[in-house]
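Dear colleague,

I am handing over a structure for you to look through, and below it I have written out what was found. Please keep it open while you read.

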Amino acid sequence: MIEFADKLIGINYKDPKIFIHMTNIMLGQKDTAKAISYIDKGKVLFDDNMDLVNLEINIYLAQGKSAQLKEKLQTAISLNDNEILHAILANIYTKTNEPEKAEAEYLKALEIKADYEVANYNLGVVYFNKGNEWSKKAGDLPPKEAAKAKDYDAKALVDWKKAVVYFEKSYEVSADKATKQRLRQLLLKLGETEKAEKYK
């Protein structure tokens, strides 16, 4: 399989799946250096392929090199400011549990390309998760702190409503089944049953 894939790569066969499969095979064989070399080759041809990007991010994170990865991307952005690089950097911030920085980068990506599906969907996820965190905080409070719980619930609603906006923008570009399902669940949670029917 490795020999066959290398031949396809050698003749510039245009399919990112080859590089993805080969990277996974090399990771399975614990050959990280070779895995990275397949990612690098793949990114020359498919620089916006998120599967390749995510594989690279996961390798760097597993090696504890998240700071280097962020630095590498910030340098790339300073040389070529585009929505894809901002979305990739946001993805790293999400994986390193820095939601505010992830949010800022997704917003920058959308300033450049308002209908960028990846950024819209992932920003929806950021707000959805933030809403869930506020809701959990409210639920964890003792009954005597009802006023604080009410405040947290209000914050959860604000974030969930933001999530709906970005999931809808994502769905307009790519009518994905998972996005549709998430939109319906979220709208029902917000009590917007009529609107939720649209995504049944």
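Of the 39 residues in the largest nonpolar core (a set of buried Ala, Val, Leu, Ile, Met, Phe, Trp, Tyr and Cys residues joined through side-chain atoms within 4.5 Å, where buried means under 20% relative accessible area with a 1.4 Å probe, protein chains only), those that touch the most other members are Ile88, Tyr106, Tyr116, Leu123, Phe167 and Leu186. The model is predicted, with local features needing pLDDT of at least 70 and side-chain atom pairs counting only at pLDDT 80 or more, while totals for chains, interfaces and linings use all residues. Residues are numbered from 1 along each chain as its sequence is written, and side-chain values use heavy atoms, leaving out hydrogens and water.

Two or more residues of this core come from each of α4, α5 (66–79), α6, α7 (99–112), α8 (117–140), α9 (146–173) and α10 (177–189), these helices being DSSP runs of H or I with at least four residues, numbered from the N terminus. The most, eight residues, are given by α6. Leaving aside residues up to four places away in sequence, Ile88 touches Met50, Val53, Ile57 and Leu73, contact meaning heavy atoms within 4.5 Å. Apart from the largest core lies another, of 12 residues, including Ile18, Ile20, Ile39 and Phe46.

The axes (lines fitted to C-alpha atoms over the stretch in contact, with angles from 0 to 180 degrees between N-to-C directions) of α4 (residues 50–62) and α6 (residues 83–95) come within 11 Å and cross at roughly 40 degrees. That makes α4 oblique to α6, since angles under 35 degrees count as roughly parallel, over 145 as roughly antiparallel, 65 to 115 as roughly perpendicular and the rest as oblique.

Best wishes

How values were computed:
Buried < 20%, exposed > 50% of the residue type's maximum accessible area, 1.4 Å probe, protein only.
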